[in-house]
Amino acid sequence: MRFRIYPFLYSRLCKRSFIETDVTTMQKIVTFLAVIMVAFTAFLMWPQKDQSEGFEDEEAPDRKETASTDTKPDEPVEPEPFELALIHTNDTHTVMDNISRRASLIEEIRGANPHHLLLSAGDVTSWEIGRKAQDSLANAVFMNHLGYDGMVLGNHEFDLGEGVVDHGPLSTYIKHASYPILGANVDFSQDQFLEPYADYSYTDEPVDGRINKGYVQTVGDEQIGIFGITHYKEVVTVPGDVSFADYTEAAKQAVAHFESIGIDKIVALTHIGVGHDRTLAKEVPGIDVIIGGHSHVTTAPPNQIGDTLVVQTGEYDTYLGELNVVFDEAGKIVNHSGKLHPTKNAQIHPHTARVQELFDEATAFGIVSYEDFIGHIIESGELDTYEAFIE
């Protein structure tokens, strides 16, 4: 009996103890978890200390200095000056003995100056009127070969007389020219040979074989305004049905036009004589360079009248002119230098050496001048050969 009661009591007691123990344990666990949650919440809400405090990290940028650097304005960039080489001729009058030497000089100057222009101040044809038909075409072909960028008509381009009764030869020259022909103060309206080639305009897209008052030439990233004026004095021949307006007024109109479209670098090609060039420089502000002709004089160094430079190269292809100018951002010349290169001292350019060879061959037939030589080639119908050997 004893042994039956004991196991029963024992099992009942153990069961009761387990329940009591389980409840107590659960209460302790819940209490413990609550404490943990309260502590964790307090930790999250507690103000955090800067973790970088107390560390001397030399590579870490100072926040104030960084902000100052980021907001500092950029330093102003000074505009680069614009350098331009103006290669120029005037009053060559169909003297072509040194064409191949002139070609070498032009190539040399172009090679030394990334920005350059080759310009003529007129009287490219001879005043020996009997050769007009020959030398007008010859000059166009040679000047195309040399790569002229523009020219102004000189007074001898208009010569009539001694069998030349119209401007047919001049129209031939203009028709074959691959560069702008200029005459801002010339009225061609009454001449049947020249009126078809006259545009009476200023253009930034000049067309070969046309006459303009002026044009805009882009060199590098800069724009140059170029215009041409000439005048006529009845001392040798007469110009026929062509008339000429006051050159000073024409120059003022040209400058006003270029300035109105924002161009501040202006070159005048003139065939009025160096005295008139100086007058023009005084009376027409805004012209930076006057490349002149007609006087057959040299200007070395370049004449400076106010802010305008005036240059000429003499006559008969004796010199090739080089004028180097530096423009500031406002289009004002701040520095310049001028040279006159004797053409006879230059090397013969290989591309035009054949000209001399053919001339030497022609002397065996009694041809003793370049003008006669050119005329012989043109009159004999060998123009195709003539054009080929200078390409």
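Select Asp307 first. Asp307 sits in the loop between strand 13 and strand 14. The model on screen is a predicted one. Colour Asp307 by accessibility: its relative accessible area is 53%, and because exposed means over 50%, Asp307 counts as exposed.

Now show what surrounds Asp307. Leaving aside residues up to four places away in sequence, Asp307 touches Ile287, Asp288 and Lys332. Add Lys332 to the selection and draw a C-alpha to C-alpha distance. Asp307 and Lys332 are 25 residues apart in sequence, and the distance in space is 7.8 Å.

**The sheet of seven strands**

From Asp307, step out to the strands on either side of its loop. Strand 13 and strand 14 belong to an open sheet of 7 strands, which has mixed pairing and the order 6-8-9-11-12-14-13. Which strands are at the edges? Select 202–203 for strand 6 and 303–305 for strand 13: each of these pairs on one side only.

Next, select residues 289–291 and 308–311. These are strand 12 and strand 14, which pair in the parallel sense over 3 bridges. Within this pairing, Val289 stands opposite Leu309 of strand 14.

Move to the other end of the sheet, at strand 6. Strand 6 and strand 8 run parallel and are joined by 2 bridges. Pick Tyr202 to find Gly214, its bridge partner in strand 8.

Then follow strand 8 (214–219) into strand 9 (222–230). Strand 8 and strand 9 run antiparallel, with 6 bridges between them. Gln217 stands opposite Ile224 in strand 9. The hairpin that these two strands make has 2 residues between the strands, and Gly220 takes a positive phi near 65 degrees there.

**Two helices across the sheet**

Show the helices as cartoons. Helix 6, residues 247–260, lies across strand 6, strand 8, strand 9 and strand 11 (266–271). Its direction is at about 165 degrees to strand 9.

Select residues 274–283 next. This is helix 7, which lies across strand 9, strand 11, strand 12, strand 13 and strand 14. Helix 7 runs at about 35 degrees to strand 13.

**Strand 2 and its neighbours**

Go now to residues 116–120, which form strand 2. How many of the residues of strand 2 are buried? The count is 4 of 5, so that this strand is mostly covered.

Strand 2 has a parallel partner in strand 1 (residues 82–89), joined over 5 bridges. His88 stands opposite Leu119 of strand 2. To trace the connection, select residues 99–112: the chain crosses from strand 1 through helix 3 to strand 2, in a right-handed β-α-β crossover.

Strand 2 also pairs with strand 3 (residues 150–152), in the parallel sense over 2 bridges. Here Ser120 stands opposite Met151 of strand 3. Select residues 132–146 to see helix 4, which together with strand 2 and strand 3 makes a right-handed β-α-β unit.

**Aromatic rings**

Show the aromatic side chains as sticks. The model holds 6 aromatic pairs. Start with Tyr148 and Tyr179, whose ring centres are 6.4 Å apart and whose planes are at 50 degrees, so the pair is tilted. Tyr148 is in the loop between helix 4 and strand 3, while Tyr179 is in the loop between helix 5 (168–176) and strand 4 (181–182). The two are 31 residues apart, and the pair links distant parts of the chain.

Are these two tyrosines buried or exposed? Tyr148 has a relative accessible area of 5% and is buried. Tyr179, at 1%, also counts as buried. Add Tyr173 to the selection, as Tyr148, Tyr173 and Tyr179 form one aromatic cluster.

The next pair to select is Phe188 and Tyr200. This pair is tilted, with 6.4 Å from centre to centre and 45 degrees between the planes. Phe188 and Tyr200 are 12 residues apart, both in the loop between strand 5 (186–187) and strand 6. Phe188 counts as buried at 1% relative accessibility, whereas Tyr200 counts as partly exposed at 32%.

**The whole protein**

Finally, zoom out and show everything. The protein has 10 helices and 16 strands. Of its 391 residues, 45% are buried. Switch on the surface: the protein exposes about 21,400 Å², and carbon and sulfur atoms supply 53% of that area. Among contacts between residues at least 6 apart in sequence, 68% join residues at least 24 apart.

Methods:
Residues are numbered from 1 along each chain as its sequence is written. This is a predicted model: local features need pLDDT of at least 70, side-chain atom pairs count only at pLDDT 80 or more; totals for chains, interfaces and linings use all residues. Side-chain values use heavy atoms; hydrogens and water are left out. Two strands pair if DSSP finds at least two bridges between them. Contact means heavy atoms within 4.5 Å. Axes are lines fitted to C-alpha atoms, for helices over the stretch in contact, and angles run from 0 to 180 degrees between N-to-C directions. Buried means under 20% relative accessible area, exposed over 50%, partly exposed in between (1.4 Å probe, protein chains only). A crossover is right-handed if, with the strands pointing away from the viewer, the path from the first strand over the helix to the second runs clockwise. Accessible areas come from the Shrake-Rupley method with a 1.4 Å probe; for residues, only the protein chains shown count as cover. Rings of Phe, Tyr and Trp (its six-membered ring) pair if their centres lie within 6.5 Å; planes under 30 degrees apart count as stacked, over 60 as edge-to-face and the rest as tilted.
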